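Student: Could you take me through one part of this predicted model in close detail? I would also like to know how the rest of the chain provides its setting.

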Amino acid sequence: MPLQYKLYHHLEEEHEDTITSLAFSAHGTYLAAGSLDGKLTLWSTLSGWKIHVIVTGNNAVLLIIWIMPSENCLLCGLTNGLVTVTGFAAHSGSPVEYLAGADHVVVTGTHSEVFLWSHEGTAKWTQLAQILPPPSISVNHESEVIVTSLAWACMKYSERTLLVAYLHHGILYVSFPLAWEATDCLSAFGMQ
């Protein structure tokens with residue numbers, strides 16, 4: 001038997017270009033939509049009403065994540081390298097293509113760069129580390145190192161493991177201690 005869907009709300013007439021990302025808040029109260037037209041729109045899932053629109057100018061919104069467990073903090077990666085709604089520069093002039101959040105730590109990725117950030121509130125961001133790409137071997141030494149995905153996972157031996165997938169270079173697993181001490185992370189995992 002096929003799945004049956006029920007239309008609750010038709011969210012329209014806000015974006016003038018392709019929707020690039022959607023993200024529900026932690027409890028499903030809000031839906032954030034980003035698009036190539038540089039707009040981020042927040043919708044109430046209960047009423048279907050548009051709550052807020054943020055215009056980023058000529059910079060497309062590539063992805064959105066909500067910082068858990070809050071329903072009032074989200075981040076968007078833009079084509080100019082900024083992570084907004086807070087406006088900190090994660091990658092100089094390169095599009096922020098990947099975001100992953102865990103507690104007060106966020107990971108950003110673009111091309112071959114992966115950075116680990118800590119935040120206290122929405123205004124203060126501190127770069128904790130740059131995660132170095134995996135080494136090349138004989139079968140991939142001519143291939144460019146390109147990040148294709150970032151994700152946090154709870155593994156058997158570590159409750160905080162970052163997974164970084166690379167095109168032609170495999171998956172990098174980085175385990176972090178439960179206490180987010182930047183010096184521990186840097187020394188234990190060979191990061192810069």
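Tutor: Gladly, and let's begin with a term: a residue is buried when its relative accessible area is under 20%, exposed when that area is over 50%, and partly exposed in between, using a 1.4 Å probe and protein chains only. This is a predicted model, so local features need pLDDT of at least 70 and side-chain atom pairs count only at pLDDT 80 or more, while totals for chains, interfaces and linings use all residues. Residues are numbered from 1 along each chain as its sequence is written, and side-chain values use heavy atoms, without hydrogens or water.

The part I would pick is the pair K39 and E16, whose side chains meet in a salt bridge with an N to O distance of 3.5 Å. The pair brings together distant parts of the chain, 23 residues apart: K39 sits in strand β3 (residues 39–44), and E16 in the segment before β1 (19–24). Strands (E, at least two residues) and helices (H or I, at least four) are DSSP runs, numbered from the N terminus. The two partners contrast in exposure: K39 is buried at 14% relative accessible area, whereas E16 is exposed at 69%. A salt bridge here means a side-chain nitrogen of Lys or Arg within 4 Å of a carboxyl oxygen of Asp or Glu, and a search of the whole structure finds one. Side chains of opposite charge can pair when their charged atoms come close.

Now for the setting. The chain has one helix and 15 strands, and 43% of its 192 residues count as buried. Three of the strands form an open antiparallel sheet in the order β13-β14-β15; two strands pair if DSSP finds at least two bridges between them. The edges are β13 (146–153) and β15 (170–176), each pairing on one side only. Neighbouring strands of this sheet are turned by 20° against each other on average, direction ignored; the axes are lines fitted to C-alpha atoms, and angles run from 0 to 180 degrees between N-to-C directions.

Within that sheet, seven bridges join β14 (residues 160–167) to β15. Among the bridge partners, T161 is matched with S175 of β15, and L163 with Y173 of β15. The hairpin of β14 and β15 has two residues between the strands, and H168 there takes a positive phi near 70°. H111 also has a positive phi, near 45°, without being a glycine; this histidine lies in the loop between β10 (105–110) and β11 (113–120) and is partly exposed at 38%.

The sheet also feeds the largest nonpolar core, which has 18 residues; V107, V114, L116, L150, W152, L162 and V164 touch the most other members. A nonpolar core is a set of buried Ala, Val, Leu, Ile, Met, Phe, Trp, Tyr and Cys residues joined through side-chain atoms within 4.5 Å. β13, β14 and β15 are among the strands that each supply at least two residues of this core. A second, separate core of 13 residues includes A90, L99, F115 and W125.

A word on confidence to finish: pLDDT, the predictor's confidence in each residue from 0 to 100, averages 80 over the chain, and 85% of the residues reach 70 or more. Over residues 182–192, however, pLDDT stays under 50. Where pLDDT is low, the predicted coordinates should not be read in detail.

Conventions: Contact = heavy atoms within 4.5 Å.
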